[in-house]
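Me: I am new to this structure and would like a close look at a single part of it. Could you take me through that part step by step?

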Amino acid sequence: MYALVDCNNFYCSCERLFNPMLEGKPVIVLSNNDGCAIARSEEAKALGISMGTPAFMIREIVKNHDVKVFSSNYTLYGDMSDRVMQTLAGFVSRLEIYSIDEAFLDMHNMEHTNLLKLGIQIRRTVIKNTGIPVCVGIAPTKTLAKMANRYAKKRWREVGVHWAANQDLIDEMLAATEVGNIWGIGHQYALFLKTNGFKTALDFVGAPEEWVRVNMSVVGQRLYNELKGIPAIKWQFEARTKKNICTSRSFGSLLTDKALILEAACNYTANCALKLRQQNSCAREVIFFLQTNPHRTEDKQYMMSIKLKLESATNNTPELIKYVSKGFELIYKPGFNYLKCGVIVDSLVPESEVQYSMFSDVDDGKTKRVNSAIDSINRNIGKETVRFAVQGFEKKYRLKAEMLSHRYSTNINELIKVTR
DNA sequence: TCTGGGGTCCTAGGACCC
DNA sequence: TCTGGGGTCCTAGGACCC
C-alpha cells in the first residue's frame, strides 16, 4: 500500500498559522510578481476564485468580501514543509517527498495493520506538531493513493482520510472520479477521453488495453495499470540531480532598457550557476530567452530564444555570464516592451566528469575556490552579498511582492510579536 | 496598471553509421 | 524486373505535474 499525504491549501494554511485572525476568512496567496491566485482557502474557493485566476480579475471579489491576499513567501512555506516532512518520516521507514506539500509513504508490509487508523493518527500528529492540516489517501498504487487523497478531501472531509482497502472501495472511488481529475490526465487527454465516451475513471479502466496503448502511449498504459491496482510508477526516494535548471522571471514592470534587461539576465545566470554548484553539476549548453507580454495585444510582440554550446562544461558564474551576454546581444532587439527573460542551463554533467577543451587555459582549482568562497559568504551573510558588477545593485526589474508576510520561522528579525 | 516559475518524461523524425 | 535493412543518437515539441 501507498499513502499520499497532502497539505490542505498549503500556502494559505501557512499564512493562517502565524495570523490566527485569518481563521474562517477567505485567504488567497498570489504567484510570483503578485500575478495570479495559486492557493485559496476553502472560503475563497466558495467565493468562486479559481486556481490561476489573475489578481486583477478578482479585484471586485477581494474588495467586496474582504479576502485576505498575500504575496508568496517561499522562505516560510519551505520551512513549514520541512517540518511536516520530518513528522511524516517518523511514521514509516521510507517516504518520497513529491512536492513542497505532498509525500508518498511506503506502507508495504503494513497490510495487516488498520491503515485507516494509522492515517488518522498521522493527520492528528501533523496538525499537533506543525499546525498544518493534511489529508491522507491510502491505496495499492501511487495513482490510486492520489485519488484516495482527493476522495478523502471531497467525500470524507471530517475524517480527512480514505483507505481504498478492497476492490469495492476502489471501484466506488473510480466511479466518483472524472477522467480529468486523474493524476496524469491533463487537459488534452481529458478532452480526448471524453470525446471517446470515457467519462469516469471507472469507464477508463474498462477501455481495451490495446486502444489505450495506441492512443496514449506508454504513459497512458502505465496509468491504466496503476488504476487497475498494478504499480507502474517507481519509488523515487532520493532527490534526483536535475537534468536542466532554469531561472526565469517576469519583470516587476515592462522594460525597454537594454542595460537593465541584461542585468536581469546576468542575475538569473548567477542563480543558475549557484544551483549547478549545489548539485555538483556543470552545463554544456545554455539557453537564453526573451519575450514581450503576449496578453498586451496592443504591443508589438517578440519572442526569441537562443542556445549556445559551451566550449567546455562549467558552473563558473562569470564564464556562464559571458555566454549569456553573447546570446543576449544576438537576440535582443530594441523597440519592444519586454516582460520576461530567462536562462536555462542544459546538458548537465557531473562536475567530476568534465572534459576540458584542448585550448582551455582555465585554472580550474582557482575558479572553484573563488566560487565556493562566494557561495559560502552569500549563504552565511545574505544572498548576493558578493556579486559580479554586471549583476548591478538596484534591481529595478525586481518582481512585485506587495503583500508579503514575515519569515516568522526563519528570520530572527521577523519573529511573531506577542503583546499584552 | 494587470495573466508564475520550475521541472519531468515520451515520441517522431532526421542525421548518421555499417 | 527495379533502388536494403537495421541500428544509434540527438533534438524539438508536446503532454503532464505542483
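Which residues make the nonpolar surface patch of about 250 Å²?

Reply: Happy to help! This is a predicted model, where local features need pLDDT of at least 70 and side-chain atom pairs count only at pLDDT 80 or more, while totals for chains, interfaces and linings use all residues. Residues are numbered from 1 along each chain as its sequence is written, chains are lettered from A and ligands numbered from 1 in the order in which they are written, and side-chain values use heavy atoms, leaving out hydrogens and water.

The patch is made by Ile377, Ile381 and Val386. Patches consist of residues with over 30% relative accessible area and no salt bridge (a side-chain nitrogen of Lys or Arg within 4 Å of a carboxyl oxygen of Asp or Glu); like charges are joined within 9 Å, and nonpolar side chains (Val, Leu, Ile, Met, Phe, Trp, Tyr) within 5 Å. Accessible areas come from the Shrake-Rupley method with a 1.4 Å probe, and for residues only the protein chains shown count as cover.

Now look at one member, Ile377. This residue sits in helix α13, which covers residues 364-381; helices here are DSSP runs (H or I, at least four residues), as strands are (E, at least two), numbered from the N terminus. Ile377 counts as partly exposed because its relative accessibility is 33%, where buried means under 20% relative accessible area, exposed over 50%, and partly exposed in between (1.4 Å probe, protein chains only).

For the surroundings of DNA strand B, start with β9, which gives six residues, the largest share of the surface near that strand; near means that a heavy atom of the residue lies within 4 Å. Arg222, Lys243, Cys246, Ser248 and Ser250 come nearest of the 26 residues there. A polar side-chain atom of Arg222 is 2.5 Å from a phosphate oxygen of DNA strand B.

Key:
A polar contact is a pair of N or O atoms within 3.5 Å; within protein, one must be able to donate a hydrogen and the other to accept it, and residues adjacent in sequence count only if both atoms are side-chain atoms.
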